[in-house]
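Work through the exercises below with the model open in your viewer. Try each task before reading its solution.

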Amino acid sequence: NNPFDMTMLEKGYDEKAILDEYGIDQDSIIFSCIGRIKESKGVKFIVESFLRNKNERSVLLVFGHGDPGSGYEQECREAASSDPRIRLMGEERDIAKVYRISDYIVRGDPWHLIGRTVFEGLYSGCDVILPGASTDLDGNPDLKEFSPKVHLYPARNQQALSEIIGGLTGKIKNRKFRSNVEDYVDRFDKFIRKLVS
């Protein structure tokens, strides 16, 4: 797997200060969608699925921007406008702040994809919600290691995603901030030594 190190979140980021900055209550259950706001990422699908969830403590934060002139970001804003729990936050330069306050990272891809946000979320102690099936989990040892923190649903199935979001009613507690950099460097060194020997 790629190198990930989210251990800086333990001491370098104050959760309460970030929540205050974003204007979010401390007891909110935070679902975050991170990246480009485009149809292929399923942002509108995530918004519409979230709208079906009636838990007043749940908040959906969407970080990123759409492609200029596409109109898709505006569609997402219009879909979200009826619910104050959904907030399109724009770009966040220090994305680590998002991982520090998020309980769940949500992806809405049209099929099972593992992007950087999945592992950054997991290494930050978040749970992740993504399209896929148990066979996808079994086929990826890096992801399977985190299986209790991975919530899978059939791709673009609004009912299924809504049920997962509605069923996650607790904040993530006792989170562990992790790194795989040491292991990555060790394996990379072994690979290089094998090539030159």
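The exercises that follow concern a predicted model.

**Exercise 1. The sheet**

Task: Give the order of the strands in the open sheet of six, and state which strands stand at the edges.

Solution:
- Step 1. Trace the pairings. The order is S3-S2-S1-S4-S5-S6, and the pairing is parallel.
- Step 2. Look at the ends. S3 (86-90) and S6 each have a single partner strand, so one side of each is left without a neighbour in the sheet.
- Step 3. Check the twist. On average, neighbouring strands are turned by 25° against each other, direction ignored.
- Step 4. Go to the pair S1 and S4. Two bridges join them in the parallel sense. Here Phe31 stands opposite Tyr104 of S4.

**Exercise 2. Strand S5**

Task: Find how many residues of S5 are buried, and which strands pair with S5.

Solution:
- Step 1. Count burial. Five of the five residues of S5 are buried.
- Step 2. Split them by face. Asp127, Ile129 and Pro131 lie on one side, with Val128 and Leu130 on the other. Both faces are covered.
- Step 3. Take the S4 side. S4 (residues 104-106) runs parallel to S5 and is joined to it by three bridges. Ile105 stands opposite Val128.
- Step 4. Take the S6 side. Four bridges pair S5 with S6 (residues 150-153), again in the parallel sense. Ile129 has His151 as its bridge partner in S6.
- Step 5. Add the helix. S4, H6 and S5 form a β-α-β unit, and the unit is right-handed.

**Exercise 3. Two helices on the sheet**

Task: State which strands H6 lies across and which strands H9 touches.

Solution:
- Step 1. Start with H6. This helix lies across S1, S4, S5 and S6 and runs at about 155° to S5.
- Step 2. Move to H9 (residues 158-167). H9 packs on the sheet and touches S1, S4, S5 and S6. Its direction makes about 155° with that of S6.
- Step 3. List the buried residues of H9. They include Ala160, Leu161, Ser162, Ile164 and Ile165.
- Step 4. Find their partners. The buried residues of H9 pack against S1, H3 (43-51), S4, S5 and S6.
- Step 5. Inspect the start of H9. A side-chain oxygen of Asn157 comes within 3.2 Å of the backbone nitrogen of Gln159.

**Exercise 4. The nonpolar cores**

Task: Say how many residues the largest nonpolar core has, and which elements each supply at least two of them.

Solution:
- Step 1. Size the core. It has 29 residues. Those with the most contacts inside it are Tyr22, Leu61, Ile101, Leu122, Val128, Leu143 and Val150.
- Step 2. Map it to elements. H2 (15-22), S1 (29-34), S2 (58-63), H5 (96-101), H6 (116-123) and S5 (127-131) each supply at least two residues.
- Step 3. Separate the other core. It lies apart from this one and has 27 residues, among them Phe45, Ile46, Leu60 and Ile172.
- Step 4. Zoom in on Val150. Beyond residues up to four places away in sequence, Val150 touches Leu122, Val128, Leu130, Leu137 and Leu143.

**Exercise 5. Two polar residues**

Task: Are Thr117 and Asn140 buried or exposed?

Solution:
- Step 1. Place Thr117. It lies in H6.
- Step 2. Apply the cut-off. Buried means under 20% relative accessible area. Thr117 has 12%, so it is buried.
- Step 3. Find its polar partner. The side chains of Thr117 and Arg107 make a polar contact of 2.9 Å.
- Step 4. List contacts beyond four places in sequence. Thr117 meets Ile34, Tyr99, Ile105 and Arg107.
- Step 5. Place Asn140. It sits in the loop between H7 (134-138) and H8 (141-144).
- Step 6. Apply the cut-off again. Asn140 has 18%, so it is buried.
- Step 7. Find its polar partner. A polar side-chain atom of Asn140 lies 3.1 Å from the backbone nitrogen of Asp142.

**Exercise 6. Positive phi**

Task: Locate Arg156 and Asn174, and classify the exposure of Arg156 and of Asn174.

Solution:
- Step 1. Recall the background. Most residues other than glycine have a negative phi.
- Step 2. Take Arg156. Its phi is positive, about 60°. It belongs to the loop between S6 and H9. At 27% relative accessibility, Arg156 is partly exposed.
- Step 3. Take Asn174. Its phi is positive too, near 50°. It is in the loop between H9 and H10 (181-196). At 80% relative accessibility, Asn174 counts as exposed.

Terms used. Residues are numbered from 1 along each chain as its sequence is written. This is a predicted model: local features need pLDDT of at least 70, side-chain atom pairs count only at pLDDT 80 or more; totals for chains, interfaces and linings use all residues. Side-chain values use heavy atoms; hydrogens and water are left out. A nonpolar core is a set of buried Ala, Val, Leu, Ile, Met, Phe, Trp, Tyr and Cys residues joined through side-chain atoms within 4.5 Å. Buried means under 20% relative accessible area, exposed over 50%, partly exposed in between (1.4 Å probe, protein chains only). Contact means heavy atoms within 4.5 Å. Two strands pair if DSSP finds at least two bridges between them. A crossover is right-handed if, with the strands pointing away from the viewer, the path from the first strand over the helix to the second runs clockwise. A polar contact is a pair of N or O atoms within 3.5 Å; within protein, one must be able to donate a hydrogen and the other to accept it, and residues adjacent in sequence count only if both atoms are side-chain atoms. Axes are lines fitted to C-alpha atoms, for helices over the stretch in contact, and angles run from 0 to 180 degrees between N-to-C directions.
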